[in-house]
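User: Could you take a close look at one strand for me and walk me through what surrounds it? I work at the bench, so please keep it friendly and concrete.

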Amino acid sequence: MSLDVASVREHFPSLKAGYAHFDGPGGSQVPDVVAQAVATTMTSPLANRGTVTAAERAADAIVLAARAAMADLLAADPGGIVFGRSMTALTFDLARTLAAGWGPGDEVVVTRLDHDANIRPWVIAAEAVGATVRWLDFDPATGELDDVATVLSDRTRLVAVTGASNLIGTRPPVRAIADRAHEVGALVHVDGVHLTAHAVVDVTELGADLYACSPYKFLGPHCGVLAAAPALLETLRPAKLLPSSDAVPERFELGTLPYELLAGTTAAVDFLAGLVPGEGSRRERLVVSMTAVQAHEDRLRRRIEEGLAALPGVTVHSRAARRTPTLLVGFEGRDPADAYRFLAEHDVNAPASSFYALEASRRLGLGDAGSLRIGLAPYSDDADVDRLLGSLGVFTNGSSRNSGGR
């Protein structure tokens with residue numbers, strides 16, 4: 001079934017301001033039901049989780065509902081869903097915890113395709129204990145990762161790889177990478193922040209031992225999520241306060257959870273599940289809806305790619321065979337930041353940066369400045385694409401006159 005984009009857009013108050021948003025990879029717009037869930041939670045009786053008072057039981061129910069929602073979205077075990085301030089914070093905590101079992105001679109693999117949040121925590125943790133960091137490169141001409149076998153050994157303890165590049169959209173063969181890593185006894189940590197917003201995710205099918213993502217990239221509030229098998233989490237001993245729970249997954253959650261953000265996360269998952277009306281379990285409806293989202297976004301991506309190909313002096317760095325609807329674009333003889341500002345004057349939001357994917361940006365020859373990123377979301381429509389391409393047409397032809405602005 002297809003996505004009724006007009007109906008979807010009705011749930012996004014921010015879109016009524018008239019801007020065309022191609023900045024979803026940095027954080028999506030939020031539907032009304034998510035904002036309502038956050039507000040309702042914050043104005044309802046709440047207390048620390050417990051079973052005695054109604055406020056305690058309400059808090060507990062919110063946490064359990066959020067774990068169940070994220071488990072459905074990722075096809076994971078709700079008992080292995082960990083919430084944190086951000087994916088970055090969770091990954092730093094996890095890296096420190098895992099590194100406690102590493103030492104000189106052990107090896108960790110990171111890739112130059114990844115966001116720095118799936119690189120630096122592992123590099124810092126490895127260096128702190130004398131472990132070796134091995135780098136998996138990618139081909140800048142295609143955006144495809146090199147063969148992971150070239151950097152694996154019987155001393156590899158962990159492979160950190162992205163589910164999809166937040167800079168150029170490349171979707172590496174995560175399952176094949178995981179299978180090779182598991183052959184040498186390594187764990188696999190997948191940064192699913194960018195992938196989760198655009199595709200059906202099944203952490204088991206991916207072969208991910210640890211999978212991290214951020215609800216604010218898929219229509220939810222700002223927080224982070226880690227998914228893993230409860231049995232794996234039971235083997236890890238993170239630093240924690242003495243009186244705090246030692247149960248899994250609670251032992252990984254530092255301090256009191258933000259109940260309002262968890263309620264918003266549940267609302268976001270429910271909203272995604274309802275993008276295409278239908279029956280069945282929430283997981284089944286999510287598969288249908290996210291399949292429709294991917295088809296919708298891929299169609300718009302092809303439109304943009306065709307439009308960009310017709311413009312003079314435009315280079316598109318997103319070329320992988322499998323990729324998300326995310327395009328990194330450069331302009332011959334022009335600063336991408338100028339395009340960013342020009343588009344903003346035309347009410348088109350498409351930022352220019354390296355977007356924390358420093359290693360990838362440098363490998364592409366773009367330095368730390370990066371380039372212009374165009375990202376699609378479930379609420380993107382053909383009118384947005386028309387405005388984007390029209391404005392870029394004016395920009396690439398060297399005109400600075402206001403065309404189509406408000």
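Analyst: Happy to help; here is a walk through strand E8 and then outwards to the parts around it. Please keep in mind that this is a predicted model.

Let's begin with the strand itself. E8 covers residues 224-228, and five of its five residues are buried, so the strand is largely enclosed by the rest of the structure. In a regular strand the side chains alternate between the two faces of the sheet. Here, Gly224, Leu226 and Ala228 point one way, while Val225 and Ala227 point the other way, and all of them are buried.

Next, the partners. E8 pairs with strand E2 (residues 81-84) in the antiparallel sense over four bridges. It is Phe83 that stands opposite Val225 in this pairing. Strand E7 (residues 210-213) also pairs with E8 in the antiparallel sense, over four bridges. There, Cys213 has Val225 as its bridge partner. Val225 is therefore a handy residue to find on your screen, being buried in E8, opposite Phe83 and bridged to Cys213.

From E8 you can step across to Leu74. Leaving aside neighbours within four places in sequence, Leu74 is in contact with Ala227 of the strand, and also with Thr196, Val201, Asp202, Val203, Tyr211, Cys213 and Arg283. Leu74 belongs to the largest nonpolar core, which has 71 residues; Met70, Leu74 and Tyr211 touch the most other members. Helix H3 (residues 54-74) gives the most to this core, with nine residues.

Another place to look for buried residues is helix H5 (residues 120-129), where Pro121, Trp122, Val123, Ala125 and Ala126 are buried. Their cover includes helix H4 (87-99) together with strands E3 (107-111), E4 (132-136), E5 (156-162) and E6 (187-191). Just after H5, Gly130 takes a positive phi of about 80 degrees.

Now for the charged residues. Side chains of opposite charge can pair when their charged atoms come close. The whole structure holds 29 salt bridges. One of them joins Arg49 and Glu250, with the closest N and O atoms 3.2 Å apart. This pair links distant parts of the chain, 201 residues apart: Arg49 is in the loop between helix H2 (32-42) and H3, and Glu250 is in the loop between helix H8 (230-234) and helix H9 (259-273). Arg49 is partly exposed at 28% relative accessible area, and Glu250 is partly exposed at 21%.

Helix H4 has a salt bridge within it: Asp93 and Arg96 lie three residues apart, about one turn of the helix, and their closest N and O atoms are 2.5 Å apart. Asp93 is partly exposed, at 26%, whereas Arg96 is exposed, at 52%.

Arg155 and Asp106 form a further salt bridge, with the closest N and O atoms 2.6 Å apart. Arg155 lies in the loop between E4 and E5 and Asp106 in the loop between H4 and E3, so the pair ties together parts that are 49 residues apart in sequence. Arg155 is partly exposed at 33% relative accessibility, while Asp106 is buried at 5%. Salt bridges that share partners also join Arg49, Asp60, Arg67, Glu250 and Glu253 into one network.

Finally, the wider setting: an unreviewed UniProt entry places the feature "domain: Aminotransferase class V" at residues 22-388. Over that range the chain is 38% helix and 14% strand, and the end C-alpha atoms are 9 Å apart.

Definitions and conventions
Residues are numbered from 1 along each chain as its sequence is written. This is a predicted model: local features need pLDDT of at least 70, side-chain atom pairs count only at pLDDT 80 or more; totals for chains, interfaces and linings use all residues. Side-chain values use heavy atoms; hydrogens and water are left out. Buried means under 20% relative accessible area, exposed over 50%, partly exposed in between (1.4 Å probe, protein chains only). Helices (H or I, at least four residues) and strands (E, at least two) are DSSP runs, numbered from the N terminus. Two strands pair if DSSP finds at least two bridges between them. A nonpolar core is a set of buried Ala, Val, Leu, Ile, Met, Phe, Trp, Tyr and Cys residues joined through side-chain atoms within 4.5 Å. Contact means heavy atoms within 4.5 Å. UniProt positions are given in the numbering used here, feature names are shortened, and annotations may be inferred rather than shown by experiment. A salt bridge is a side-chain nitrogen of Lys or Arg within 4 Å of a carboxyl oxygen of Asp or Glu.
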